Amino acid sequence: ALSTAQLGQLLTTQLQALTANQMQALNSSTLNAFPVTAITSAQVAALTPTQLQQITPGTLAAVAPSAMKGLGIAQVESLSSAQLERLTPEQLGNLPTTSLRGLSAADMTLLGASQLQGFTPEQIGKLSAEQITALGDDVGYLTNPQIAALTNVQAQGLTSSQISALSPTQVGMMKPAALGGLPASLFGVLSSAQLATLNADQLAKLNAGQFGTIDAAAIASMTPAYIAGLKASQIALLSNDQITQLSLDQIAAMREAQFSALTPSQASVLLLSQITAMTPSQFGALKPAAVAALDEDQISAVGSDKLDQMTQPQIQKLSALQLSAMPSSTISLWQPGKLALLTPQQLKVLSESQIGALTAPQIDAIAYARKLGALTPEQFSGISADSLGDVGLPVIKGVSKAQMVALSPEQVASLSYYQISGIKIGRAHV
């Protein structure tokens, strides 16, 4: 075997020419005297685990980073704590991915911030979930590219403390599938600041369980653009408490498809201010069942501009209580064609004041829809004289005998000669 003195006389090219057998013949003293800056990866690969353990931490730290590519899994397993703590970031970054499993969970805890950052993203992706978990809160030292390399399995092995240790930027770098694979208990640990960094691709991977863990206050802190970026199916996953926390700016930013996804239960907890903040087209996008779930106070907050955007299925889902809750001033502004979509049964529940607020065009529209007969004599007598005096002749011709008998003197006095003639003609057909 070569002596320490002999090694000292060899040139770098001669040292690098030493064979595997010659390297394995070196003892502890010659190993530590070896000019390690000249050692090759093939020579490192030739060293036995026992030989590696004999190299002092300082000597090992001086090995060229590229030479560390020769370490096998058994050699990595043999490294002592003192040796691991002295390895440079560059050396760690050159370890073969196949050898990384030689680092135990205890070994991972020995590595400092700069050492951890020395691993390449590819190496990070090859670590086991147990190795990542062993990092503890030091996972926060990983660079953004390293975080982006975390696999689904690794992410699922993170602890709640590790999730909290990640910066908002790091959370925003996680693979969508890795983030979407987090158990609901872990996802619920994310802070408002962390949630705010999620991008559209990440949001698209979130599931019902994860959404349910988001604190209502965290929902309120999200930007309007963030809320608008949620899929319609994800909006349907929000809890009632989360719905009530949506700000008016968030409501205004929501897409019609998102409103269409609201469930009856969610619609039933909408605040009056939220309903007021909705645009007519947003309100018109609600499912008929969601509209039917609104209580009297909520429906009373719906202005005529929103009523005008309602579809026939929505309108015909309105209950007697909802119709009764509508202010007469709002009903008077309802587009005649939309008002006429009410069913005969719905028209019968309109109150005296609501009937009194109907305009001539609205009454005309009801008549043309062949629903004027649905009004009871008492309701018909409640039509204002001004409105009745302006209705078209075809409407007057459609007045039933019972409705005509119920006309008040003021209503009769408002009729024109042609309207009275129409009543006479109409009576001939009664």
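Trainee: Is leucine 186 buried or exposed in this predicted model?

Mentor: The model is a predicted one, and in it the place of leucine 186 is in helix 20, which covers residues 184-187. A residue counts as buried when its relative accessible area is under 20%. The relative accessible area of leucine 186 is 8%, so leucine 186 is buried.

Trainee: Which residues is leucine 186 in contact with, leaving aside its neighbours within four places in sequence?

Mentor: One partner can be located through the backbone, since threonine 159 stands 27 residues from leucine 186 along the chain while their C-alpha atoms are separated by 7.2 Å. With the neighbours within four places left aside, the contacts of leucine 186 are Ala155, Gln156, Leu158, Thr159, Ser160 and Ile163.

Trainee: In the largest nonpolar core, which residues touch the most other members?

Mentor: That core holds 116 residues, and helix 42, residues 360-368, provides its largest share with four residues. For leucine 198, the contacts beyond four places in sequence are Val171, Leu179, Phe187, Leu203, Leu206 and Tyr226. The members that touch the most others in the core are Leu195 and Leu198.

Trainee: Why is helix 42 described as largely enclosed by the rest of the structure?

Mentor: The buried residues of helix 42 are Ala360, Gln362, Ile363, Asp364, Ala365, Ile366 and Ala367, and the helix is followed by arginine 370, whose phi is positive, near 60 degrees. Helix 42 is largely enclosed because, of its nine residues, the number buried is seven.

Trainee: What radius of gyration does the chain have, set against a compact globule of 430 residues?

Mentor: The C-alpha trace spans about 135 × 30 × 25 Å along the principal axes of the chain, and the secondary structure consists of 48 helices with zero strands. For a compact globule of 430 residues the radius of gyration would be near 22 Å, whereas the chain has 39 Å.

Trainee: Among contacts between residues at least 6 apart in sequence, what percentage join residues at least 24 apart?

Mentor: Leucine 186 and Thr159 offer an example, being in contact and lying 27 residues apart along the chain. Across the chain, among contacts between residues at least 6 apart, the share joining residues at least 24 apart is 76%.

Trainee: How far apart do the centres of the positive and negative side chains lie?

Mentor: Buried residues make up 43% of the 430 in the chain, and the exposed area is about 18200 Å², of which carbon and sulfur atoms supply 56%. The charged side chains comprise 19 positive and 24 negative ones, and the distance between the centres of these two sets is 14 Å.

Key: Residues numbered from 1 in each chain as written. Predicted model: local features only at pLDDT ≥ 70, side-chain atom pairs only at ≥ 80, totals over all residues. Heavy atoms only, no water. Core = buried A, V, L, I, M, F, W, Y, C linked by side-chain atoms within 4.5 Å. Buried < 20%, exposed > 50% of the residue type's maximum accessible area, 1.4 Å probe, protein only. Helix = DSSP H or I, 4+ residues; strand = E, 2+ residues; numbered from the N terminus. Contact = heavy atoms within 4.5 Å. Rg over C-alpha atoms; globule rule 2.2 N^0.38 Å. Areas by Shrake-Rupley, 256 points an atom, 1.4 Å probe, with all protein chains shown as cover. Lys, Arg positive; Asp, Glu negative; His and termini not counted. Charge placed at Lys NZ, Arg CZ, Asp CG, Glu CD.
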